[in-house]
Amino acid sequence: MLLVGASGAGKTTVLHALTGALGDVIAGDVSGQVALGGRLGLLPQDPMDAVVADRIGRDVAFGPENLGLDRDETWRRVDAALAAVRLPYGRLHPTTALSGGEQQRLALAGLLALEPDVMLLDEPTSMLDPVTAAAVRDAVVEVVGDRTMVVVEHRFEPWLEHVQRVVVLDGGAVVHDGSVASFLATDLPGLWMPGAPDPTPLDVDAALVSPGGSVVAPAGEALVVELVTRMLRGTQRTRALDGLDVATRAGRRLALVGASGAGKSTALAALAGLVRPSAGSLMPDLGRLRSKDVPGVLGWVPQDPEHSFVTTRVRDEVATTAQRVGRAVDVDAMLDTLGLAALADAHPFRLSGGEQRRLALAAGLAHRPGLVMLDEPTVGQDRRTWAAVAGWVAAAAREGAAVAVSTHDDALPVDDVVVLERGRRA
Amino acid sequence: MPTGPLRGALLRANPLALLSIGLFALLGGFFVTDLRTGLVAVGAYLAVAVLVVPTWRYPLLCLAFSGVAAVTVTYSGWRGNGHELAPAVVQGVRVVMVAWPGSVAIGYVDPARLGDHLAQGLRLPARFVAAFVASLQRFGALTHAWGQLDRSRRARGLGPDWRRPLGVVRWMASMAFALLVHALRGASRTAVAMDARGFATAHERSWAEPATWSRTDIVVLVGGLLLALVPPVLTLIG
């Protein structure tokens, strides 16, 4: 079964209700009943959330341990599950050394080891690049067998051939429940229907994006960035950038693309002066600026919107940075454009995923910076949020700002593309 | 990196043996009553550390922290006790003896093995132990979150200005609060994920690995005990 709906429609809540987490682990008022036959396993949106041990064998063993299985049966299931998801490492491989796609496959193995009757998949591929997403999808389809599967996904087209029933949610209620064929015949708004054109980028008023200061377009030459994770039982060094040449340009949109782990986000952060390169040159080097001078030139939208929130009200969130740099901002017009007007006085953490993403966009860019940078802005987003991101960067570039995004979304309209592979140009 | 049997010992030793080093040191510290005893005991720990620690960075960091604590204790002892230096210094040396060995040893504890020993060796409740181990696992994720929070604050002009102490304090408070919120939200997501893997109904868990005591573990345990015996023995033989 496929469960779809726009951001905030209540898809994840349905899954949580099925697992019995509502009102218990997750606070809230619950009424109604859930009827369930058999054992159930959930694959969460962010595979990091599922990790409970620092070695993959022990992590997969968590489910069997909970079932009280003996050691022979536990390890038989662990090995079988790791083989089924095609993770080519031994039991002792550290969970921190896995890429995003491998982590999702580990989470899938953890679920399989339970031998569940019902598999709930909450946007299992939304954080992955297309190639990795296909691999995870294949792994799911291969192992699902005759189990019940409920999958939630925005970009659901590749799942359609593997499901028999589609349920559409809108505003917390079911608006469609039927076969795939009857679903395809519907004309429901806000969904990524197969074959439908990409959403029209949002029309953004020039006054909201026209740079309020000088336009700075950083360029990097032979950039090297080493990311170091220090642990007592061993230090892990990864070379995220390995001699990368990349330049942003005023009035143009640059996309940094590549598989997960290729260094897209690190390249973006290096250009923004938010991570120190260990070698190479940056012109200009925004890392030398004091923090209070940074928003004068830079607007940054992080991958996880929750990382950027610093206030307790949506309205304040939009106004904060502009006030720091002394630029006027029309908060109501911003919220109106992004479809957040009704939420102006809400707490940022109360918003749904898509609403938070749009708010992070407003919070990071309301001060009309000359350099606009977004880290994976379209991951797991519904059509409305996607249109807002695409429209915003297009309008900013048209008004002369230098724009850079890291993304694995090839539908996002851009002017220049740099493909990364293992920290350098492919 | 570790070479030879001695240097690997701390990395291989079982968590209870490692924790016993700190516990013994704590008890041994009570017998530090004069400067000679204290210095010999701390010297003994240092000498053994030279032989067994795999890398120096972390043990020295722990030593620095214990040193700061020791200096503070010495100073306040000196102020509060009629400006007599000798007893104050003894107090300070005792702090190093009590704090340093344990803080170094605990750093080498493997969370999963600790869980095995707590549940199977010490018979602590299984659900508590499993949740505790999973929470230790999340420390890595917090480091990552700290970096991301710092980036977006810097970009929004809310980063620290090290020349303004008040601003730095405000920044630290804001970061700490954001990290707390992040940790709580992450914890509830992990709780959902754990429950959906059978934890919700697991009252009698099994454990995938046994909790064993190897010869290395015994050596570490006895070594920790012998080191802690230095002060009482010195006091006895006077």
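Q: Why is A:Arg288 called exposed in this predicted model?
A: A:Arg288 has a relative accessible area of 70%. Exposed means over 50%, so A:Arg288 is classed as exposed.

Q: What makes the contact of A:Arg288 with A:Asp285 a salt bridge?
A: The closest N and O atoms of the two residues are 3.8 Å apart. The cut-off is within 4 Å, from a side-chain nitrogen of Lys or Arg to a carboxyl oxygen of Asp or Glu, so the pair counts as a salt bridge.

Q: Why does A:Asp285 count as buried?
A: The relative accessibility of A:Asp285 is 19%. Buried means under 20%, so A:Asp285 counts as buried.

Q: How do you know that A:Asp49 and B:Arg189 meet in a salt bridge?
A: Their N to O distance is 2.7 Å, and the limit is within 4 Å. The pair crosses between chains, from a loop of chain A to helix 9 of chain B.

Q: Which of the terms buried, partly exposed and exposed apply to A:Asp49 and B:Arg189?
A: A:Asp49 is at 3% relative accessibility; buried means under 20%, so A:Asp49 is buried. B:Arg189 has a relative accessible area of 36%. That value falls between the limits of 20% and 50%, so B:Arg189 is partly exposed.

Q: Why is the salt bridge of A:Glu65 with B:Arg205 said to join two chains?
A: A:Glu65 lies in helix 3 of chain A and B:Arg205 in the loop between helix 9 and helix 10 of chain B, so the pair joins two chains. The closest N and O atoms are 3.0 Å apart, and both residues are buried.

Conventions:
Residues are numbered from 1 along each chain as its sequence is written. Chains are lettered from A and ligands numbered from 1 in the order in which they are written. This is a predicted model: local features need pLDDT of at least 70, side-chain atom pairs count only at pLDDT 80 or more; totals for chains, interfaces and linings use all residues. Side-chain values use heavy atoms; hydrogens and water are left out. Helices (H or I, at least four residues) and strands (E, at least two) are DSSP runs, numbered from the N terminus. Buried means under 20% relative accessible area, exposed over 50%, partly exposed in between (1.4 Å probe, protein chains only).
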